[in-house]
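I opened the notebook today to look through a new model, starting with charged pairs and then moving on to how the helices pack. Here is what I looked up, in order.

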Amino acid sequence: MTKKLENALLMIWVVALTATLGSLYFSEIRSYVPCELCWYQRIIMYPIVLVSTIAIIQKNAKIALTTAVFACIGAATSLYHYGIQKITFLQDSAPSCGQVPCTGYYINWLGFITIPFLALTAFVLIAALSFYMLKVIKEEK
């Protein structure tokens, strides 16, 4: 595996681990109860940490396709969640999310940074790095 691929894979791991630790900080330290869509985003993010850890150990850059798929699904989920928080039209048609409403938010830094926005940022970074890795792999063939 080339140094470019190794660095990109390491960056995927760092982003996914940071997002995972951030979500655990909000729920376990700050005691923010995750809504249903937050749980779905966690279910998508947490395996990226595991598979990227294994890929780093095995020096397996082909994991980029897997991380790209997870990241795209996660980004779509996060984008929808962010939309129902910030867009009135979507808020009105948002489904009931159970104990904690998905339309609410615990943080609203600078008027636009919410927890789903942070997750969306992480998923977009992981997707971009994964597609970069796929491009490098294709060029090496």
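**Entry 1: salt bridges.** Before searching, I fixed the term: a salt bridge is a side-chain nitrogen of Lys or Arg within 4 Å of a carboxyl oxygen of Asp or Glu. I also noted that this is a predicted model. How many salt bridges does a search of the whole structure find? I got 2.

I took the pair in α5 to begin with. Lysine 135 and glutamate 139 form a salt bridge, with N and O 3.6 Å apart. Both residues sit in helix α5, which covers residues 115–140. They are 4 residues apart, about one turn of the helix. I checked the surroundings too: lysine 135 and glutamate 139 are both exposed.

Then I turned to the other pair. Glutamate 6 bridges to lysine 59, and their closest N and O atoms are 3.9 Å apart. This pair ties together distant parts of the chain, 53 residues apart. Glutamate 6 belongs to helix α1 (residues 3–29), while lysine 59 is in the loop between α2 (36–58) and α3 (64–86). Is glutamate 6 buried or exposed? Neither: I found a relative accessible area of 27%, so glutamate 6 is partly exposed. Lysine 59 is also partly exposed, because its relative accessibility is 48%.

**Entry 2: backbone check.** I kept a general reminder at hand: most residues other than glycine have a negative phi. Lysine 59 came up again here, since I read a positive phi near 55 degrees for this residue, which is not a glycine. Leucine 110 turned up as well, with a positive phi near 60 degrees. I placed leucine 110 in the loop between α4 (88–92) and α5. Its relative accessible area is 73%, so leucine 110 counts as exposed.

**Entry 3: the overall picture.** I stepped back and counted 5 helices and 0 strands. Along the sequence the pattern reads α-α-α-α-α. The C-alpha atoms fill a box of roughly 50 × 30 × 25 Å along the principal axes. The protein has 141 residues, and 40% of them count as buried. I also looked at contacts with a separation of 6 or more: 74% of them join residues 24 or more positions apart.

**Entry 4: α1 against α5.** How do α1 and α5 cross? Their axes come within 9 Å and cross at roughly 165 degrees. The two helices are therefore roughly antiparallel, as the cut-off for that is over 145 degrees. I logged the crossing as left-handed. On the α1 side the contact includes Leu5, Leu9, Ile12, Val15 and Phe26. On the α5 side I listed, among others, Leu118, Leu125, Ile126, Leu129 and Met133. Sorted by type, the contact residues are 19 nonpolar, 1 polar and 2 charged.

**Entry 5: α3 against α5.** I ran the same look-up on this pair. The axes of α3 and α5 are 8 Å apart, and the packing angle is about 155 degrees. These helices are therefore roughly antiparallel too. The crossing of α3 and α5 is left-handed. I sorted the contact residues again and got 19 nonpolar, 6 polar and no charged.

Methods: Residues are numbered from 1 along each chain as its sequence is written. This is a predicted model: local features need pLDDT of at least 70, side-chain atom pairs count only at pLDDT 80 or more; totals for chains, interfaces and linings use all residues. Side-chain values use heavy atoms; hydrogens and water are left out. Buried means under 20% relative accessible area, exposed over 50%, partly exposed in between (1.4 Å probe, protein chains only). Axes are lines fitted to C-alpha atoms, for helices over the stretch in contact, and angles run from 0 to 180 degrees between N-to-C directions. Angles under 35 degrees count as roughly parallel, over 145 as roughly antiparallel, 65 to 115 as roughly perpendicular and the rest as oblique. A crossing is left-handed if the near helix is turned anticlockwise from the far one by less than a right angle, and right-handed if clockwise. Contact means heavy atoms within 4.5 Å. Ala, Val, Leu, Ile, Met, Phe, Trp, Tyr, Cys and Pro count as nonpolar, Asp, Glu, Lys and Arg as charged, and the others, Gly among them, as polar.
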